[in-house]
Amino acid sequence: MKHLHDIPSAFKQEFANPRLWWTRAVVIGMAAIAGLVVVGFTWLAEGALDLFLHFNAKAWWLVLLWTPALTALIVWLTRRYAAGAAGSGIPQVMATLDPAVSPADRSLFVSLKLSAAKIVLTAGGMLGGLSLGREGPSVQIAAGVMLAARRFLPRHTQISAHSLLVAGGAAGIAAAFNTPLAGVMFAIEELSRTPEQRNSGLIVAGIVLAGLMAVSITGNATHFGVIHPGPIAMALALPGLLVTLVAGVAGGLFSRLLLASARGNPLGRLSGWRSRYPVLFAAVCGVLVAGIGIASHGATFGSGTGATRAMLAGDSSMPAAFVGFKYVATWLTVWSGVPAGIFAPSLAIGAGIGHDIAQLLQYPYAPALIALGMVGFLAAATQAPLTAFIIVMEMVDGHSMVLSLMACAVVASTVSRVLSPPLYGALAQLQLQRLPQAPTSQTTS
């Protein structure tokens, strides 16, 4: 019959085609390299933060000089040499996937040069004690590495630049969090708009391999250890719902605030001053972040991973106002214009919400509420509930809370959608404004 599957032809196509094997080797090889680059970036960023904390412990006042000076330098370098490296990095990858972006314009958003700049500048932000994460930057870094594979692929390959960008961005999440499954979900939920069925297996293999490169080097331990959430029963329903709603509202308002800042809306005159004197504005933001760090006894410096671990471990020494301090410090860091991700700070803010509500209600199993707060705030801030749920589940080995975490992510994300449009999609549209305008459509600003 005409439609019978021809096994010999299929075997020849899949296993006896040297061009196909070369394509597979290039994609898998570049995915492994992307994973290694993200691991190296992780080591550099965490080492920079450790160095900052070391000197801050010896001379607490030094941060009032060091942080603003380094913030101003990073913003100057970013604007002068690598404008496409500013911000998270996820909007840049999403913008590059837009059909309006021609191959010639991709380097405005994703390239090896921007990947290198992102590594150095984000690590510089950690060295300054700014409240930022490295996971969003990892997406842009890995996407730049994967896009470079295009030049090594055979002509007329079926692997498109779109596929490479999706694979690279997802590989960045997988390697940054040691969560390969979350990388795959991130590709489906946030990046992939036109999945290519024939190559999906190869792309997923590349994403998983990048995550496994991180696991093989840093170990298979979960990022925040193994939590002990206690009995998952009706007693968790009311505290869990309260955490979910608070995290959803707080995350939605956080997303709205970041978007307003990017668009130049908040505090009118300050936004105008930022556009006229961006380096000086960055220095002022650095002073404020330093002041918040001192007021919080150092709890808000860096990504917040240490604070999250401490709360999950039962440390009750967190400042009472940690959530507010971290919230504002992260906003100021992003508003300053430095390359900065929000994943890790969002997890810390969410953990603080769960921790505070556990203390308020005297709930005996605080780790359960902390995990719900983490997934709720991250899902609300990013409006990517499935990615947020899987990231947190893998990071805390929270398989016993699968249904609770999933429900929290969906509800918090739904609450957030009432308060703010999707953060990364809106920021990607702002990135597209950097595309060169055709001469006939130019207007004076």
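Is proline 103 buried or exposed? Proline 103 is exposed, with a relative accessible area of 59%, and exposed here means over 50%. Keep in mind that this is a predicted model. The protein chain has 19 helices and 0 strands, and 56% of its 445 residues are buried. Here's a quick tour, going from the whole chain down to a few individual spots.

**The chain as a whole**
- You won't find any strands here: the count is 19 helices and 0 strands.
- Take the contacts between residues at least 6 apart in sequence, and 81% of them join residues at least 24 apart.
- The accessible surface adds up to about 19300 Å², and carbon and sulfur atoms account for 67% of that.

**Around proline 103**
- Proline 103 sits in the loop that runs between α4 (90–96) and α5 (112–127).
- Alanine 161 is 58 residues away from proline 103 along the chain, yet their C-alpha atoms are separated by 8.6 Å.

**How α2 and α6 pack**
- Two packed helices get described by the angle between their axes and the distance between those axes.
- For helix α2 (residues 18–58) and helix α6 (residues 135–147), the axes come within 9 Å and cross at roughly 145°.
- The α2/α6 crossing is right-handed.
- On the α2 side, the residues that meet α6 are Val27, Met30, Ala31, Ile33, Ala34, Val37, Val38 and Phe41.
- On the α6 side, their partners are Pro137, Ser138, Ile141, Ala142, Val145 and Met146.

**Serine 420 and its neighbors**
- Serine 420 is in the loop between α18 (402–419) and α19 (423–432).
- Despite being in a loop, serine 420 counts as buried because its relative accessibility is 3%, and the cut-off is under 20%.
- The side chain of serine 420 makes a polar contact with the side chain of serine 255, at 3.0 Å.
- Leaving aside residues up to four places away in sequence, serine 420 touches Gly252, Ser255, Arg256, Leu259 and Gln383.
- Serine 255 therefore turns up twice, as a polar partner and in the list of residues touched, where touching means heavy atoms within 4.5 Å.

**Cysteines**
- A disulfide is a covalent bond between the sulfur atoms of two cysteines.
- The count for this model is 0 disulfides.
- Cysteine 285 is buried, since its relative accessibility is 3%.
- Cysteine 408 is buried too, at 2% relative accessibility.

Terms used:
Residues are numbered from 1 along each chain as its sequence is written. This is a predicted model: local features need pLDDT of at least 70, side-chain atom pairs count only at pLDDT 80 or more; totals for chains, interfaces and linings use all residues. Side-chain values use heavy atoms; hydrogens and water are left out. Helices (H or I, at least four residues) and strands (E, at least two) are DSSP runs, numbered from the N terminus. Buried means under 20% relative accessible area, exposed over 50%, partly exposed in between (1.4 Å probe, protein chains only). Accessible areas come from the Shrake-Rupley method with a 1.4 Å probe; for residues, only the protein chains shown count as cover. A disulfide is a pair of cysteine sulfur atoms within 2.5 Å. A polar contact is a pair of N or O atoms within 3.5 Å; within protein, one must be able to donate a hydrogen and the other to accept it, and residues adjacent in sequence count only if both atoms are side-chain atoms. Axes are lines fitted to C-alpha atoms, for helices over the stretch in contact, and angles run from 0 to 180 degrees between N-to-C directions. A crossing is left-handed if the near helix is turned anticlockwise from the far one by less than a right angle, and right-handed if clockwise.
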